[in-house]
Amino acid sequence: MREAFKEAMSRFAAGVTVVSARHGEEERGMTATAFMSLSLEPPLVALGVWEGAKVLPVLERSGAFTVSLLREGQEAVSQHFAGRPQEGVFLVEGTVPGALAVLRCRLEALYPAGDHRLVVGRVEAVELGEPGPPLIYFARGYRRLVWPS
Ligand code: FAD
């Protein structure tokens, strides 16, 4: 069942995000595909975050977080914030430079969800980057969307 569940989930295509939070001097970022738009009124988003993720206590203490939606070509950024450090990857004001869009959120609710936490955020500000194709994760690898020229 466990292997079948993982295999089924590998067949679900997802955009890649980096969720980040800052409290005092501490700032943490983490790659996440378990992200969704939850509500329009009020504007809410949800993220599934592993209970051991270092970003989680920072997010809880600060009561705020930021979600950067990665664009095609930002594989190294995704790898970096998934624990495989890459040269020249950093956050600027809590966001990934060059992201497709950035959502600045206030922590609305945090629910237990097995070995993860369901993080619900109220979107307080949206920053739009240049439009373009997203970074996609599917079948255990980064993929490209066929994008109209
Ligand atoms: P940390 O080790 O603290 O951080 C991860 C990496 O980011 C480290 O290399 C660290 O050096 C770097 N980093 C952290 N903060 C900064 C900073 N301020 N500036 C520069 N670098 C920094 N896990 C989930 O819980 N939910 C998901 O939806 C999810 N989706 C994933 C999708 C993909 C495609 C991948 C590859 C991984 C996904 N993961 C997900 C796993 C998750 O990204 C890793 O488990 C992550 O390393 C855990 O984060 P951490 O906060 O514990 O780790």
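**Ligand surroundings and strand pairing**

An oxygen atom of the ligand lies 2.9 Å from a backbone N or O atom of K54. This contact belongs to a predicted model, and two further polar contacts involve nitrogen atoms of the ligand. In one, a nitrogen atom of the ligand is found 3.0 Å from a backbone N or O atom of E27. In the other, an N or O atom in the side chain of H80 is 2.8 Å from a nitrogen atom of the ligand. On its own, the ligand has 970 Å² of accessible area, of which the protein covers 79%.

The ligand takes up the space of the largest pocket. The shell around the ligand consists of 24 residues, and R28, T31, A34, W50 and H80 are the closest. H80 thus appears both among the closest residues and in a polar contact made through its side chain. By residue class, the shell comprises 13 nonpolar, seven polar and four charged residues.

Two strands are to be noted in the composition of this shell. Strand β3, residues 26-32, and strand β5, residues 44-50, each provide at least two of its residues. The largest contribution comes from β3, which gives six residues to the shell.

Strand β5 also takes part in strand pairing. Its partner is β4, residues 35-39; the two strands run antiparallel and are joined by four bridges. Within this pair, F35 has L47 of β5 as its bridge partner. The connection between β4 and β5 is a hairpin of four residues. Strand β5 is therefore described in two settings, as a source of at least two shell residues and as the antiparallel partner of β4.

A further element is an open sheet of three strands. In general, the strands of a sheet pair through backbone hydrogen bonds, in either a parallel or an antiparallel sense. Here the pairing is antiparallel and the strand order is β1-β9-β10. The edge strands, each of which pairs on one side only, are β1 (residues 14-15) and β10 (residues 141-143). Strand β9 covers residues 136-138 and pairs with β10 in the antiparallel sense over three bridges. In this pairing, I136 stands opposite R143 of β10.

Terms used:
Residues are numbered from 1 along each chain as its sequence is written. This is a predicted model: local features need pLDDT of at least 70, side-chain atom pairs count only at pLDDT 80 or more; totals for chains, interfaces and linings use all residues. Side-chain values use heavy atoms; hydrogens and water are left out. A residue is near a molecule or strand if one of its heavy atoms lies within 4 Å of it. A polar contact is a pair of N or O atoms within 3.5 Å; within protein, one must be able to donate a hydrogen and the other to accept it, and residues adjacent in sequence count only if both atoms are side-chain atoms. Accessible areas come from the Shrake-Rupley method with a 1.4 Å probe; for residues, only the protein chains shown count as cover. On a 1 Å grid over the protein atoms alone, a cavity is a set of points where a 1.4 Å probe fits but cannot get out, and a pocket is an open set with protein on both sides within 12 Å along at least five of seven lines; lining residues have an atom within 4 Å of a point. A molecule sits in a cavity or pocket if more than half of its atoms lie within 2 Å of its grid points. Ala, Val, Leu, Ile, Met, Phe, Trp, Tyr, Cys and Pro count as nonpolar, Asp, Glu, Lys and Arg as charged, and the others, Gly among them, as polar. Two strands pair if DSSP finds at least two bridges between them.
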